[in-house]
Structure formats: C-alpha cells, structure tokens
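Work through the exercises below with the model open. Each task is followed by a stepwise solution.

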Amino acid sequence: MSKFYDALETRTASEREAALMAALPRQIVHAQRASRAFAGILDGVDGASVTSRQALAQLPVTRKHELLERQQAARAQDPFGGFATAGFGAAMPRVFASPGPLYEPEGRRRDYWRMARALYAAGFRAGELAHNCFSYHFVPAGSMMETGAQALGCTVFPGGTGQTEQQVQAMAELRPAGYVGTPSFLKIILEKAAELGVPLPSVTKALLSAEALPPSLREWFAGRGVAAYQCYGTADLGLIAYETEAREGLVLDEEVIVEIVRPGTGDPVPEGEVGELVVTTLNPDYPLVRFGTGDLSAVLPGPCPTGRTNTRIKGWMGRADQTTKVRGMFVHPGQIAAVAKRFPQVQRARLVVSGEMASDQMLLQVETTETAAGLAAQLQEALREATKLRGEVQMVPPGTLPNDGKVIEDARSYK
C-alpha cells in the first residue's frame with residue numbers, strides 16, 4: 001500500500017506550480033462571474049491574466065473581518081455576503097456557523113473540505129473505524145473530518161463533544177482504529193479510561209486540530225500507544241496543511257495556493273520570514289481569492305523527508321492582527337508597513353509600545369544600512385502622520401529584528 005494519498009503529493013515543484021498557475025486564472029474569472037462579492041472586490045481586474053504569483057500578489061487581500069462585515073450588511077438578501085456561488089438546495093447540503101456569526105457553506109462534492117489527505121498521512125486507511133470527536137453542531141469541524149474519512153473509505157462514529165464515559169464505552173466496544181478531534185479531549189478520554197480501568201488498545205493513531213499540540217503532550221500520547229498527528233485548516237478554506245510521519249512542519253494541501261505576507265499588507269515576505277498566511281482556494285462553490293487567515297507561519301526550506309514534494313510551513317505561530325491602542329488611538333500593522341514602504345532604505349520595521357498604562361511610549365525600530373540622521377527624522381515624521389502619535393526611531397542593522405512576524409510589539413506593563 002502506498003504511503004502517499006495520491007500521485008499529486010510527489011509531483012515535481014515545477015509540475016505543481018504549472019498546474020496551480022493554470023487553475024488560478026480560471027478560478028479568478030469564475031469568482032468574478034459567479035460571486036457578487038468578488039465581482040466588486042476584483043472589479044477592473046483581468047482575471048485571465050493572473051497567471052503567476054507576482055500577478056496574484058497585486059490583488060487585494062480579503063480578511064475575515066471583511067467577510068463578516070459583508071455578510072452582516074447583506075444578511076437579509078444573502079447570508080453569505082455574495083461570496084458563495086450557490087444558494088440553499090441540492091448544491092448546498094449543509095450550512096454552518098462559526099463565531100461572529102460567520103456562515104460557511106458545504107458543497108456536494110466528495111471530500112468537500114479535502115481532509116482525506118490529512119487523515120491518510122496520519123495513518124487512517126479504508127476499512128477502519130474513525131472515532132470523530134469534533135463538534136457536529138453549528139461549526140463544520142465534525143463534518144469536515146467525517147466527509148474526509150468517508151472519502152477515504154472509513155466508517156465514522158460521530159462521537160462529538162462531551163459525555164466522556166460514553167466515549168470510553170463506545171471506544172472499548174467498537175474498537176476504532178483512531179481518534180479525530182482536539183488534543184485536550186483525547187487526553188481527557190484516555191485519562192477517564194485509565195480511571196475506569198478500561199483498556200483502549202485499538203486506538204493507535206489520532207488526527208488532531210483546533211488546538212496546539214506541544215511536544216510534551218505528543219509524548220504523553222505516544223507513551224499510551226497513540227501516534228498523534230496535526231493538521232491545519234479553517235472553516236472558510238478547509239484543509240490548508242497537514243503533518244506527516246517526519247514530524248517536520250506541515251505540508252501544504254495540493255488544492256490551495258498559499259502566500260505568506262507581511263501583517264497588515266498583501267506584500268509577500270522572503271522565504272523563511274514569519275508572516276500572515278494568505279490562501280487562494282480552488283473551491284468553485286466558495287472561491288476565496290487571497291483570503292487572509294489572520295494566522296502567522298513561515299515556510300520551511302526543502303521538501304518533506306517522506307518524499308512529499310509540496311512546500312512545508314512551520315504550523316500555527318500566533319495571530320497576525322496586532323492592532324494596539326496607544327494613548328487612546330488604535331495603531332494598525334498596516335500603518336507601520338505603509339511607513340516602511342515610503343523609504344526604500346528600510347528593509348523591515350517594528351513598532352515597540354512600552355511604558356505603563358496611561359504613559360505609553362512608541363519606538364519604531366527599522367532595519368537599514370543607512371545611518372544618516374536625516375532618515376530618522378523623516379521616519380519620525382512619517383510615523384506621526386500615519387498614526388497621529390509621536391514616537392522615537394531606532395535604526396538597526398539588517399537581521400537584528402526577531403523573525404516572529406510581529407509588526408507591533410506591545411511591551412507595556414499592566415501590573
């Protein structure tokens with residue numbers, strides 16, 4: 001049996017890029033024609049000409065708060081804010097609600113959320129029983145995993161959340177091959193099983209998501225015979241990346257185009273630098289183009305040791321929205337990025353907000369090889385124009401600032 005889900009995972013980088021860039025203009029044209037929202041967002045764009053990452057990077061980023069705002073504004077006419085290409089009926093068997101509320105459609109296609117690939121990498125195979133403890137209510141997580149497991153040829157037990165003793169009983173009697181859900185709930189189930197004296201020897205693998213999986217917890221699972229794997233996805237996009245047995249980052253899904261941009265902008269960062277994950281999905285039912293996830297990550301160099309050739313990312317590294325209130329005024333990452341873009345001498349910039357409450361101080365740190373005093377004065381004035389607040393400027397050598405994706409660092413004391 002192959003260790004790969006399909007042949008797409010071992011394509012050469014050039015083959016994959018050619019396929020994605022051939023699909024990209026078709027998806028953009030489709031979004032413009034079939035989605036009222038993108039007809040407006042991409043008004044004036046020649047979708048057929050967007051055939052490269054460079055061209056894609058010129059399009060606007062749509063972030064989750066904008067998606068929510070559009071949905072709220074059009075709620076009476078269209079609960080999806082013009083982003084979905086189909087309405088209620090046969091083409092949309094389910095609709096879900098994430099906090100906001102933000103409504104997400106589920107289409108009719110097999111493995112709509114593309115989770116089968118992540119489950120396969122975690123060791124799930126056709127003919128097995130998967131115990132699914134993601135929620136089946138309101139949010140799509142339960143359905144995301146169920147449809148992926150069924151596409152793989154697995155039977156699914158819809159455990160959902162809560163009822164720990166009943167979960168243990170079902171696992172003991174049905175003997176599933178693995179668990180799907182959050183890491184914390186799996187730990188609770190295994191602890192309850194130990195407390196009850198009920199062995200669960202059949203559960204040897206787990207696909208975990210929605211929470212962090214620290215090394216200590218992974219080792220805790222391994223000590224109880226469970227090989228734990230992670231995947232990263234969202235209710236808007238489905239699967240984005242998944243872990244393999246190499247345990248070295250997460251491999252990107254084959255049907256998304258991922259960029260990593262400087263927070264607050266749509267500008268791609270150099271490979272290896274931390275930034276916000278921006279995803280373009282090839283899903284025709286919900287054709288999100290340059291959708292800003294709000295999550296931070298970075299590209300890892302080289303291919304996965306398992307032989308999968310797609311790009312790897314480090315996984316979730318925090319949130320990109322670093323908007324901070326200073327002296328009663330909101331300061332946004334985009335404002336700091338705009339200041340830096342005005343000066344070609346500046347390679348990277350970071351605003352550090354320090355002091356105690358009611359005594360805020362701003363320090364704009366910029367990486368540059370130029371040391372002329374005039375540049376600092378110009379940057380100081382540009383910062384004041386952008387934020388309406390005074391701040392100091394510190395020029396530092398390239399490579400000095402931390403590679404953590406932060407454009408604004410809140411270093412204030414709240415004691």
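**Exercise 1.** How much area do domain 1 and domain 2 bury between them, and what percentage of it is on carbon and sulfur atoms?

Solution. The model is predicted: local features need pLDDT of at least 70 and side-chain atom pairs pLDDT 80 or more, while totals for chains, interfaces and linings use all residues. Residues are numbered from 1 along each chain as its sequence is written, and side-chain values use heavy atoms, without hydrogens and water.

Step 1. Domain 1 covers 13-319 and domain 2 covers 325-410, the bounds coming from an automatic or database domain assignment.

Step 2. Buried area is the accessible area (1.4 Å probe) that two parts lose on being put together, summed over both. For domain 1 and domain 2 this is about 710 Å², with 56% on carbon and sulfur atoms.

**Exercise 2.** Find how many salt bridges there are between domain 1 and domain 2.

Solution. Step 1. Apply the rule: a side-chain nitrogen of Lys or Arg within 4 Å of a carboxyl oxygen of Asp or Glu.

Step 2. The count between the two domains is two.

**Exercise 3.** Locate F138 and K388 and state the sign of phi for F138 and for K388.

Solution. Step 1. F138 sits in the loop between β4 (129-132) and α6 (141-152), and K388 in the loop between α11 (373-387) and β20 (392-396); helices (H or I, at least four residues) and strands (E, at least two) are DSSP runs, numbered from the N terminus.

Step 2. Phi is positive at both: about 70° for F138 and about 65° for K388.
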